[in-house]
Amino acid sequence: MSGAVRFDYGGCQVLVTGGTSGIGAGIAAAYRAAGASVAITGTRASAAGYDADLAGYRYLQLDLERPAQVAEVTAALPALDMLVNNAGTAFPGGLDESDPDVFLRALDINLVSAYRLARACRPLLARSRMPGGAGVLGIASLTSLFGNPLVPGYGAAKAGLVQLTKSLAMGWARDGIRVNAVAAGLIETRLTAAHVGDADALAPWLARTPLGRVGVPDDIAGTALFLTSGAAAYVTGQCWVVDGGYSVFG
């Protein structure tokens, strides 16, 4: 992770869903670099099924559309201090989210599964003794804030994730668990490569973005490490927008 700020997560047990690529991989790498023991999830049977080098992580299979696997993941964790609910997907250019069945599928993958896993992990998190308390971090989106006709299900789910963050923050504070979210702007990953690589499509985005660039996974990772650290011990129920200023453009 770039920048001068350093965090010490020595002794911390972290779970990052969807940690095999993109934003999740960036967050997982940042926690590991800060000294944490990091478990990641993916949909494939083993870490060997990915091209990336995942040797530094504990790999757990988790298909968000298979609730039984949530119990398997939590049972495999002897302890947990931080949960990052990063895994999710949208269906632009593929399945039509305006179809009610696909809409419901998008809600299940991007919202219901995040709640299901957080709820299952709550007893583990309540036993954490990390400075500032245990942490749950949801990865939201600018579709939490703005409409997008191409992904109505994904957008509704990400907006719901922000409200879920507030509700869990209120209900779980007594367990010493802080719950926050990060609304990510346009981040350069494999999933956004086509858009980022299209100069004509990208130009309007950059014109509206005060910082004048596309984000990278490290931009989200730095915010994640801060929000789950003791430095943010008085922060809960919040959604931090990390978008280069895109959302403040008048």
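## A tour from the whole chain to one loop residue

Start with everything displayed: in this predicted model, among the contacts that join residues at least 6 apart in sequence, 69% are between residues at least 24 apart. Keep the whole chain selected and show the C-alpha trace, which spans about 50 × 45 × 40 Å along its principal axes. The radius of gyration is 17 Å, and because a compact globule of 250 residues would have one near 18 Å, the chain agrees with that expectation.

Next, colour by secondary structure and walk from the N terminus, where the elements follow one another as β-α-β-β-α-β-α-β-α-β-α-α-α-β, giving 7 helices and 7 strands.

Now switch on the surface, of which the chain exposes about 11700 Å², with carbon and sulfur atoms supplying 56%. If you then select the charged residues, you will have 18 positive and 19 negative charges, and the mean positions of these two sets lie 10 Å apart.

Hide the surface and turn to the interior, where 48% of the 250 residues count as buried. In soluble globular proteins, nonpolar side chains tend to be buried together. Select Leu15, Leu77, Leu80 and Leu83, which touch the most other members of the largest nonpolar core, a set of 35 residues. Adding α2 (68-75), α3 (100-126), β5 (134-141), α4 (152-172) and β6 (177-184) brings in the elements that each give two or more residues to this core, and of these it is α3 that gives the most, with 11 residues.

Apart from this core lies another, of 34 residues, which you can locate by selecting Val16, Val38, Ile220 and Ala221, all among its members.

Return to Leu77 and display its neighbours: leaving aside residues up to four places away in sequence, Leu77 touches Leu15, Ala39, Arg58, Leu60 and Leu124.

For the last stop, select Thr20, which sits in the loop between β1 (13-16) and α1 (22-33). Is Thr20 buried or exposed? Its relative accessible area is 14%, and because buried means under 20%, Thr20 counts as buried. To see what surrounds this loop residue, display Ala25, Ile40, Thr41, Gly42, Tyr50, Ala52, Leu54 and Tyr59, which Thr20 touches when residues up to four places away in sequence are not counted.

Technical notes
Residues numbered from 1 in each chain as written. Predicted model: local features only at pLDDT ≥ 70, side-chain atom pairs only at ≥ 80, totals over all residues. Heavy atoms only, no water. Helix = DSSP H or I, 4+ residues; strand = E, 2+ residues; numbered from the N terminus. Rg over C-alpha atoms; globule rule 2.2 N^0.38 Å. Buried < 20%, exposed > 50% of the residue type's maximum accessible area, 1.4 Å probe, protein only. Contact = heavy atoms within 4.5 Å. Areas by Shrake-Rupley, 256 points an atom, 1.4 Å probe, with all protein chains shown as cover. Lys, Arg positive; Asp, Glu negative; His and termini not counted. Charge placed at Lys NZ, Arg CZ, Asp CG, Glu CD. Core = buried A, V, L, I, M, F, W, Y, C linked by side-chain atoms within 4.5 Å.
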